[in-house]
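Biologist: Before we talk about any label in this structure, could you show me what we are looking at, and then explain the labels one at a time?

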Amino acid sequence: MQVTLFFLYKPFNFSAKPNRKKPLRNFILFVRRFFNLILFLALEIVCFVLIARTNMLQGNDVLSSANAVSGIIYKKREDVVYYFGLKRLNDSLISENIRLRSALAAYGSYDTFRDEVVRRPLEGNDSVKVVQYANYIYRQARVINNSVTSENNYITINRGSDDGIRRKMAVLSGTGVVGEVISVSSHYASILSVLNVKRKLSAKLKDGTMGSVMWEEGRPDVLILEDIPKEIKVFRGDSVFTTSYSFFPANLLIGTVERRRINKKNNIQILYLKSATNFRNLQYVYVVENTMLDERTRLEDSTTKDK
Amino acid sequence: MSDLLKNFFRFCIVILIQVLILNKITLRWWSQPTGFPVFIPYIYPLFILLLPFETPVWALLLTGFALGLTMDVFMNTAGMHACATVLIAYLRTNVLNALLPKNLSEYPNQSPGVKNIGWMPFLVYSSFLIVLHHAVFFSIELWSFSNFGYLLLKILASSITSLLFVIAYLLLFTRQTALRS
């Protein structure tokens, strides 16, 4: 068998390609000749793998602005630029204080005892009790890097896992929602802001109609609220709030309606919102941890798995 | 100063200018809600454009990859900048060959700056590669051609502004031979 194969193979050896017998050497010659092209293609493939991996939102921790080197550089820059915004920051803090004080005063100014008609003493084993479904911890953080121009905008803050910040926490500003913590290092965290094309945010109008808020890229002040039926009357200036469906605390302002447009094809109106947070000059944010969210997501995941 | 050291410094300077200054300029040329896309001028491809003539292609590719990846780390765009930069690093030699009258090996110890090849050839060379870089980068970033006019507008406006900044960089940071004599 070996011999016949050898004879079959032999005539080719006399042809113009004497190297046919040495595939390894041919291969090396080929690589040397097209080395640049091969290197180019290899690097491009590496790039596309990186892009694909990040777009699946697996939390690419090395290549994000939460890592140590870029975090330090951004922090140095922020230390310099910080002073230029102090006046504006002060104004926003004062207005937030006023809002909080009025909300607090509203709690203290009602008394429900007067209207109570029936009094029935509760039994010791009565089933009436307070149900707690969320428990929030607020932590403040300073924004050290921020972008509004790309398709998915990220914000870097100066708090990390050492301060108890973990992934999937909600981030708020003094006036509205900001985003979600995506990746964390020990001293920095990077946040996917609401200005992104990947995620939608569940939202409701003041009468309770649910919809979802997304962002149309290119305009950092404009959000879009979809899925609201045409019959629901919405006026300019109406507020849009977060729901308790998402990981955000409920009833936070997302934005106010600026313009409404009705899609003729499926009779659904599209509302253009002016976002409550000014993403251009964010300086302080609050990172909100819901200590009971873990239990909730575990339950929800287990039910979807059973189906 | 040796060539290697000089280019290393230029790498740092270009990255720092891009990250600390230009990324914070969000340019928007006219009115508020409807209309023009927001964009950032990118000048970091200039580093690839100014590498010396006799740099081998593999070295160009590797520095391009490193440059792009550094930008990606700062801008959270894993791979997008690197992809566009590697492409222009690969095409650089061909463009230069097509553009210049002499063979590339006849320019010893020079880099394709304004001083060596003149304003007009340099502008054609840099604008071609920068427009290419921006086209690739914004297409990858947007990842759809459904909004083609928007994409085109963004590419065009951004490349023009980037070119202006590239020219400003050259006027500021390269020594003008005419002034020195």
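Modeller: What follows is a conversation about why certain words are used for parts of this predicted model.

Biologist: Let us begin with chain B; what makes up chain B in terms of helices and strands?


Modeller: Chain B has eight helices and zero strands, and from the N terminus on its elements run α-α-α-α-α-α-α-α.

Biologist: How do you know that the length of helix α6 of chain B agrees with what a helix should span?

Modeller: Helix α6 of chain B covers residues 119-142, and at 1.5 Å a residue these 24 residues should span 34 Å; because the C-alpha atoms at its ends are 33 Å apart, the two values agree. Just after this helix, W143(B) takes a positive phi of about 60°.

Biologist: Why is F138(B) called buried?

Modeller: The word buried is kept for a relative accessible area under 20%, and F138(B) has 4%, so F138(B) is buried. This residue is found in helix α6 of chain B, and its C-alpha atom is separated by 8.8 Å from that of M80(B), although the two are 58 residues apart along the chain. For chain B as a whole, buried residues make up 52% of its 181 residues.

Biologist: Turning to chain A, what makes the contact between R142(A) and D79(A) a salt bridge?

Modeller: Side chains of opposite charge can pair when their charged atoms come close. The cut-off for a salt bridge is 4 Å between a side-chain nitrogen of Lys or Arg and a carboxyl oxygen of Asp or Glu, and for R142(A) and D79(A) the N to O distance is 3.1 Å, within that limit. R142(A) lies in strand β1 and D79(A) in helix α4 of chain A, so the pair ties together parts that are 63 residues apart in sequence. These two residues also belong, with K75(A), to a network of salt bridges.

Biologist: Why is R142(A) called buried, while D79(A) is called partly exposed?

Modeller: R142(A) has a relative accessible area of 15%, which is under 20% and therefore counts as buried. D79(A) has 31%, and because partly exposed covers values between 20% and 50%, that is the term for D79(A).

Biologist: How do you know that E180(A) and R199(A) form a salt bridge?

Modeller: Their closest N and O atoms are 2.6 Å apart, within the 4 Å cut-off. E180(A) lies in strand β4 and R199(A) in the loop between β5 and β6 of chain A, so this pair ties together parts that are 19 residues apart in sequence. At 9% relative accessibility E180(A) counts as buried, whereas R199(A), at 32%, is partly exposed.

Biologist: What makes D221(A) and R280(A) a salt bridge as well?

Modeller: Their N to O distance is 3.6 Å, again within 4 Å. The pair links distant parts of the chain, 59 residues apart, with D221(A) in the loop between β7 and β8 and R280(A) in the loop between β11 and β12 of chain A. By the salt-bridge rule, the count over all chains comes to eleven.

Biologist: Finally, why is K233(A) called exposed?

Modeller: Exposed means over 50% relative accessible area, and K233(A) reaches 61%, so K233(A) counts as exposed. K233(A) is found in the loop between β8 and β9 of chain A, and together with K230(A), R260(A) and K264(A) it forms a positive surface patch.

Definitions and conventions
Residues numbered from 1 in each chain as written. Chains lettered and ligands numbered in written order. Predicted model: local features only at pLDDT ≥ 70, side-chain atom pairs only at ≥ 80, totals over all residues. Heavy atoms only, no water. Helix = DSSP H or I, 4+ residues; strand = E, 2+ residues; numbered from the N terminus. Expected span 1.5 Å × (residues − 1). Patch = residues over 30% accessible without salt bridge, like charges linked within 9 Å, V, L, I, M, F, W, Y side chains within 5 Å. Areas by Shrake-Rupley, 256 points an atom, 1.4 Å probe, with all protein chains shown as cover. Lys, Arg positive; Asp, Glu negative; His and termini not counted. Charge placed at Lys NZ, Arg CZ, Asp CG, Glu CD. Buried < 20%, exposed > 50% of the residue type's maximum accessible area, 1.4 Å probe, protein only.
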